[in-house]
Amino acid sequence: MANREALRELQARLAARLQAARGEGSSVSSWLAVESAGMRLLLPLEQAGEIFPWRGVRPVPYTQPWFLGVANLRGALVGVADLAALLGAAGPRSDAALAESSLLSLNAAFGVNAALLVERLAGLRGADAFAASEPPPEGAPPYFGHCHVDAQGLRWQALDLQILSRHPAFLAIGA
């Protein structure tokens, strides 16, 4: 119960900050910072949908290992992808670890009923939160954006969720 209230509080703070940034006419890109399997990722706010607490998913047989199954989110059946596993970085998770995780739906404008499992929400970030930016590594998937380095020297990989939502590997869930 406390987890749901904390998630609602985080969602309210994120929505308020996003609204304030829009009201200021800020042209600075803004991201939702998340962590999964030790990876620090930046997801564009305008490409993200809602954040939901983990409630479990119904497994679907004969699918890719990163495809966890389907979940009912606000009355819609949504395919759930383990973001870390999709990026090749996840291992098995305990039920306790999953209980602390969240589902981030993709923007409905993409026309893909999908959500991403993320282990931890780390708040909002703007371009001013980073000291340096580097192009994606050579050979990185096309949905990888720039890698940003914060003042503490931590590297945050930006992902383009719109490109991810159209990528053949993401759309081909069959094993």
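## A walk from the first hairpin to the salt bridges

Start by selecting residues 30-36 and 39-44: strand 1 and strand 2 run antiparallel there and are joined by six bridges. Strands here are DSSP runs of E with at least two residues, helices are runs of H or I with at least four, and both are numbered from the N terminus. Two strands count as paired if DSSP finds at least two bridges between them.

Before going further, some housekeeping. This is a predicted model, where local features need pLDDT of at least 70 and side-chain atom pairs count only at pLDDT 80 or more, while totals for chains, interfaces and linings use all residues. Residues are numbered from 1 along each chain as its sequence is written, and side-chain values use heavy atoms, with hydrogens and water left out.

**Stop 1: the hairpin**

Stay with the two strands. Show Ala33 and you'll find Leu42 of strand 2 standing opposite. Then pick Trp31, whose bridge partner in strand 2 is Pro44. The two strands make a hairpin with two residues between them, and Ala37 in the turn has a positive phi of about 50°.

**Stop 2: the whole sheet**

Now follow strand 2 to its other partner. Strand 2 pairs with strand 11 in the parallel sense, over two bridges. Put Leu41 on screen together with Gln157 of strand 11, as these two stand opposite each other. As background, strands of a sheet pair through backbone hydrogen bonds, either parallel or antiparallel.

Zoom out, and what is the order of the six strands in the open sheet? Reading across, the order is 8-1-2-11-10-9, with mixed pairing. Strand 8 (120-126) and strand 9 (130-134) stand at the edges with a single partner strand each, so one side of each has no neighbour in the sheet. From one strand to the next the twist averages 30°, with axes being lines fitted to C-alpha atoms (for helices, over the stretch in contact) and angles running from 0 to 180 degrees between N-to-C directions.

**Stop 3: the nonpolar cores**

Switch to side chains. A nonpolar core is a set of buried Ala, Val, Leu, Ile, Met, Phe, Trp, Tyr and Cys residues joined through side-chain atoms within 4.5 Å. Buried means under 20% relative accessible area, exposed means over 50%, and partly exposed is in between (1.4 Å probe, protein chains only).

Select Leu32, Leu116, Leu159 and Phe170: these have the most contacts inside the largest core, which has 27 residues. Among the elements supplying at least two residues each are strand 1, strand 2, strand 3 (48-53), helix 2 (83-86) and helix 4 (161-166). Which strand gives the largest share of this core? That is strand 7, with three residues. For a second, separate core of ten residues, look for Trp54, Leu73, Val78 and Leu117 among its members.

**Stop 4: two loops**

Go to Asn107, in the loop between strand 6 (102-106) and strand 7 (114-118). The Asn107 side chain reaches the backbone nitrogen of Ala109 at 2.8 Å. Leaving aside residues up to four places away in sequence, Asn107 touches Glu46, Gln47, Ala48 and Gly49, contact meaning heavy atoms within 4.5 Å.

The next loop, between strand 10 (144-150) and strand 11 (155-159), holds Gln152. Buried or exposed, what is Gln152? Gln152 is exposed, at a relative accessible area of 63%. Draw a distance from its C-alpha to that of Ala131 and you should read 9.0 Å, although the two residues are 21 apart along the chain.

**Stop 5: the salt bridges**

How many salt bridges does a search of the whole structure find? Three turn up, each a side-chain nitrogen of Lys or Arg within 4 Å of a carboxyl oxygen of Asp or Glu.

- Glu35 and Arg120: the closest N and O atoms are 2.9 Å apart. Glu35 is in strand 1 and Arg120 in strand 8, so the pair ties together parts 85 residues apart in sequence. Glu35 is partly exposed at 23%, and Arg120 is partly exposed at 43%.
- Glu50 and Arg74: here the closest N and O atoms are 2.7 Å apart. Glu50 belongs to strand 3 and Arg74 to the loop between strand 4 (67-73) and strand 5 (76-82), so parts 24 residues apart in sequence are tied together. Glu50 is partly exposed at 32%, whereas Arg74 is exposed at 66%.
- Arg155 and Glu134: the N to O distance is 2.4 Å. Arg155 lies in strand 11 and Glu134 in strand 9, so this pair links parts 21 residues apart in sequence. Arg155 is partly exposed at 40%, and so is Glu134 at 29%.

How values were computed. Polar contact = N/O pair within 3.5 Å; in protein donor to acceptor, adjacent residues only side chain to side chain.
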